[in-house]
Amino acid sequence: MSLVWRDIAVLSQGGRALALSCFFLVLAASLFPFAVGPDTKLLSAIAPGVHWLLALFLAVLHGERIFVEDEQDGSLEQLRALGFAEGSLMFSRIVAHWVIAFAPQIALTVVVDIFLGAGLASAGQHMLSLLIGTPALSCLAVLAAALTLGARQSSLLMIVIVFPLMIPPLIFGVSAAADSGSAALMLLGASSLISLVIAPLAGHFALKAALK
Amino acid sequence: MHRFANPARFGRLADRVSPVLWVLFGLSLALGLYLAFFGSPPDYQQGQSVRIMYVHVPSAMMTTGLYGFMALASATALIWRHPLAHMAARAAAPVGTAFCLITLATGSLWGRPMWGTWWEWDGRMTSVLIQLFLYFGYMAMWNAFSDRARAANAAAILALVGVGNLVIIRFSVEWWNTLHQPASILRAGGPTIDGSMLWPLAAMVLAASAYAGLMILKGMKIELKAVRLETLMENQAAPTTSYRLDLG
């Protein structure tokens, strides 16, 4: 637990990373009316997709730096020497990643929905789908970061390997955000739970190889 | 299994298996093509264009099969530290990618007259496209590290995560949107396809498998030579580089 607090404190950089997430969301959401025109009917129709695409980008944008600095200054090695297993290093990074990338997004769902003319009624549904589904995105982003640690052009490589894996949560997430009655929300929850099992496990071996 | 971990022994085995595979490939391809063009009837609905199936379906099977092979080889490499397994997985990737591209291209050509569209965001087509992305990511992973062992390890973990995800992707994409016909060969209760079409298809599947096997063996031999070359170059370069200050 102390590890989780430490990672959140270090990676949020005194709240600056969180503020940047908020700024990115408001800015990126306000680009959509320019891109597709200020037609609120169209904008509110694509709102679930906009939320989820922003979530995917937030995941990789924060994911690419999640290990790099701590690997370069030796902190990761130190944490391992303190007896933290690679799996728990993974888990605490996943939690920290989620706090930095997605806690702001969930808080700002209403703002983005107002920008897109989607109204407050659907904002709750959008928020719920993000809440249930974004843990899966954090897991996959952190796992991809662990796999590409030390690679050439690691940030681009990370995006290339992680976006295909994020398609199922994207599909379920958008469906769950658009339609409250469907099974999508449950499938979304299932993808989050599966990712929470697989990512620390696979990341355990990935980090072990990276830190050898 | 570790008996074949010796590169020399593997090389001898590969040299002995390859000619057999070449013969098998040539015979089944000739037979399959003959049956596909002359020995099988046109479909009562699709006409002559049904013959695209004899390339499309084997390629699709190889696309999935080779990904599975890649994952199995990666698991073998990670669990039993089998030195050749990483190479087998790496050699399978470009072959699988090629079959994946053929699947998409022939599917597109077939879709145009049958469904009236080159591309549709249909469940199965989309999942094959995603599989192509997974192949690309896997190969990119291999090329992204200067350290071969690190690349092998990262790529193997990615292949294993990918194969688990592939099942979920298949399911999710089909759940999302479906236009493609349901499976008609590998299904419970026997195939629904007529025997006159099943035989050329079986021959073509055999030809594609033999070809994939050949290419994997070839890829592994090239990989072994590359490793040997790298070691030789390192040993030769060692005296000169030792004077240079290592800034890395």
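A helix here is a DSSP run of H or I at least four residues long, and helices are numbered from the N terminus. With that in hand, let's walk through this structure, which is a predicted model.

**Stop 1: a threonine in chain A**

Select A:Thr134, which is found in helix H8 (residues 119-147) of chain A. Is A:Thr134 buried or exposed? Its relative accessible area is 0%, so A:Thr134 is buried. Now show what surrounds A:Thr134. Leaving aside neighbours within four places in sequence, A:Thr134 is in contact with A:Trp52, A:Ala55, A:Trp98, A:Phe102, A:Gln105 and A:Ile106.

**Stop 2: the helix beside it**

Next, colour helix H3 (residues 40-63) of chain A together with H8(A). Their axes come within 9 Å and cross at roughly 30 degrees. Angles under 35 degrees count as roughly parallel, so H3(A) is roughly parallel to H8(A). On the H3(A) side, the residues making the contact include A:Trp52 and A:Ala55. On the H8(A) side they include A:Leu130, A:Thr134 and A:Leu137. While you look at these side chains, keep a general point in mind: an α-helix has 3.6 residues a turn, so residues three or four places apart point the same way. Rotate the view to study the crossing, where H3(A) passes H8(A) in a right-handed manner.

**Stop 3: an arginine in chain A**

Stay in chain A and pick A:Arg80, which belongs to helix H5 (residues 75-81). Its relative accessibility is 23%, so A:Arg80 counts as partly exposed. Which residues does A:Arg80 touch, leaving aside its neighbours within four places in sequence? They are A:Glu86, A:Leu89, A:Lys208 and A:Leu211. Try drawing a line between the C-alpha atoms of A:Arg80 and A:Leu211: they are 9.3 Å apart in space, while the two residues are 131 residues apart in sequence.

**Stop 4: chain B as a whole**

Switch to chain B and show it as a cartoon. You should find six helices and zero strands, and from the N terminus on the elements run α-α-α-α-α-α. Of the 248 residues in chain B, 44% are buried. Consider the contacts between residues at least 6 apart in sequence: in chain B, 77% of them join residues at least 24 apart.

**Stop 5: two helices at an angle**

Select helix H2 (residues 53-80) and helix H5 (residues 148-176) of chain B. Their axes are 9 Å apart, and the helices pack at an angle of about 135 degrees. H2(B) and H5(B) are therefore oblique to each other. From H2(B), the contact includes B:Tyr67, B:Met70 and B:Ser74, and H5(B) contributes residues including B:Leu160, B:Val163 and B:Arg170. This time the crossing is left-handed.

**Stop 6: an enclosed helix**

Now zoom in on helix H4 (residues 123-143) of chain B. How far does H4(B) reach from its first C-alpha to its last? The 21 residues of H4(B) span 31 Å, close to the 30 Å expected at 1.5 Å a residue. Turn on a surface for the rest of the structure: 15 of the 21 residues of H4(B) are buried, so this helix is largely enclosed.

**Stop 7: a pair of cysteines**

Finish with A:Cys22 and B:Cys100. A:Cys22 has 27% relative accessibility and so counts as partly exposed, whereas B:Cys100 is buried, at 0%. How many disulfides are there over all chains? The count comes to zero, where a disulfide would need a pair of cysteine sulfur atoms within 2.5 Å.

Terms used
Residues are numbered from 1 along each chain as its sequence is written. Chains are lettered from A and ligands numbered from 1 in the order in which they are written. This is a predicted model: local features need pLDDT of at least 70, side-chain atom pairs count only at pLDDT 80 or more; totals for chains, interfaces and linings use all residues. Side-chain values use heavy atoms; hydrogens and water are left out. The expected span of a helix is 1.5 Å times one less than its number of residues. Buried means under 20% relative accessible area, exposed over 50%, partly exposed in between (1.4 Å probe, protein chains only). Axes are lines fitted to C-alpha atoms, for helices over the stretch in contact, and angles run from 0 to 180 degrees between N-to-C directions. Angles under 35 degrees count as roughly parallel, over 145 as roughly antiparallel, 65 to 115 as roughly perpendicular and the rest as oblique. A crossing is left-handed if the near helix is turned anticlockwise from the far one by less than a right angle, and right-handed if clockwise. Contact means heavy atoms within 4.5 Å.
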